[in-house]
Amino acid sequence: MGYTRSLLTFLFAAAPLAVAFAQNADAPAAAETPAAAPAPAEAAAPAVAVPATAAVCAACHNMDGNSILPEYPKLAGHHPEYLLKQLRDFKPVGDKPPVRDNAIMLGMIAALSDEDMVELSNYFAAQTPTIGEAKPETLELGKNIWQGGIPAKGVPACAGCHGANGSGMPTQYPRLSGQHPEYVVAQIQAFQTGTRKNDLNGVMQDIAQRLTPAEMQAVANAIAGLH
Ligand code: HEC
Ligand code: HEC
């Protein structure tokens, strides 16, 4: 316990140096929060030709991969390998239901070849992601879960796999930074109920079992402004 406590203290103390959580303007700390700006590495992403098939996707995900409606995930800046895995996972193999079962995306990928999927993944991955804003109310709880997990319940720190600033780790661990909170909560719920079961070794299904609805909301809120 003493070790865990001092480790967590270290994590909390060290984190603000490298990580920022953008907040709403009415948040007390807003004055010292710099405007959200893309990290240099992201801004320097090489231009990728727009695939003809991307026009269909733009209806929900936007041409630059930063969807406006919160139920549609942002695709911009994801690792291309992650996007490609998701597109393949939406497709049923034989008579088995797809490992990521979603009626809308099932319709979208039905006519795509694997080559189309590779092109689309590379294109959306190369777009510059936007960052949202966290609401101040539950930000502290959300940040704590992100950076330190919930040791008493065996919930590991999200940062351990998704990266301190949420930019993910290629190729398995997706970017979460700036993702719409409504979408993030919906995915954690889907992992909890087993509607989504395409995570390696069931790692997200296991974590989702241990989170209450309030904890899911809080961590999703923190993720919205994380960069
Ligand atoms: C009618 C709206 C709509 C259109 C058009 C659409 N999508 Fe989606 N997309 C969704 C929804 C909704 C989800 C979330 C599915 C879920 O909840 O599992 C999603 C999820 C995804 C994901 C997974 C993202 C993640 O973070 O895991 C990828 C990748 C994706 N879409 C790519 C595409 C591509 C490529 C196209 C064009 C061929 C496309 N989508 C067209 C609605 C749409
Ligand atoms: C041990 C590693 C690990 C930890 C710790 C972890 N995740 Fe994940 N997470 C994953 C993997 C792997 C995936 C991608 C699964 C796939 O391939 O579709 C994922 C996917 C997700 C997704 C779906 C992303 C999308 O674009 O659809 C969300 C949301 C998520 N994680 C939230 C969290 C939160 C919140 C925490 C902390 C409470 C957390 N994760 C901790 C490994 C981890």
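Biologist: What makes up the shell around ligand 1, by class?
Modeller: The shell has 14 nonpolar, 4 polar and 2 charged residues. Keep in mind that this is a predicted model.

Biologist: Which residues are the closest to ligand 1?
Modeller: Cys57, Cys60, Gln86, Asn102 and Met108 are the closest, out of 20 that surround the ligand. To belong there, a residue needs its C-beta atom within 6 Å of the molecule. Cys57 and Cys60 count as nonpolar, because Cys is in the nonpolar class. Gln86 and Asn102 fall among "the others", so they are polar.

Biologist: Which elements give two or more residues to that shell?
Modeller: They are α3 (54–61), α4 (80–89) and α5 (103–109). The largest share comes from α3, with 5 residues.

Biologist: What surrounds ligand 2?
Modeller: 23 residues do, and the closest are Pro156, Cys158, Cys161, Gln187 and Asp199. By class, this shell holds 16 nonpolar, 5 polar and 2 charged residues. Asp199 counts as charged, because Asp belongs to that class. At least two residues each come from α8 (159–162), α9 (181–193) and α10 (203–209).

Biologist: How many helices and strands are there in the chain?
Modeller: There are 11 helices and 0 strands. From the N terminus on, every element in the run is α.

Biologist: Why are Trp146 and Val219 said to be in a nonpolar core?
Modeller: A core takes buried residues of listed types, joined through C-beta atoms within 7 Å. Trp and Val are on that list. Trp146 and Val219 belong to the largest core, of 25 residues, so they must be buried, with 20 or more other C-beta atoms within 10 Å. Ala222 and Ile223 join them as the residues with the most contacts inside this core. Contributions of at least two residues come from α7 (139–148), α9, α10 and α11 (213–225). The most come from α11, with 7 residues.

Biologist: Which residues is Ile223 in contact with, leaving aside neighbours within four places in sequence?
Modeller: Gly166, Leu176, Ser177, Gln179, Pro181 and Val184. They count because the C-beta atoms of each pair lie within 7 Å.

Biologist: Which residues does the second, separate core include?
Modeller: Among its 11 residues are Ala76, Leu87, Met117 and Tyr123. In soluble globular proteins, nonpolar side chains tend to be buried together.

Biologist: What share of the chain counts as buried?
Modeller: 33% of the 227 residues do.

Note on methods. Residues are numbered from 1 along each chain as its sequence is written. Chains are lettered from A and ligands numbered from 1 in the order in which they are written. This is a predicted model: local features need pLDDT of at least 70, side-chain atom pairs count only at pLDDT 80 or more; totals for chains, interfaces and linings use all residues. Helices (H or I, at least four residues) and strands (E, at least two) are DSSP runs, numbered from the N terminus. A residue is buried if 20 or more other C-beta atoms lie within 10 Å of its own, exposed if 12 or fewer, and partly exposed in between; C-beta atoms are placed from the backbone. Two residues are in contact if their C-beta atoms, placed from the backbone, lie within 7 Å.
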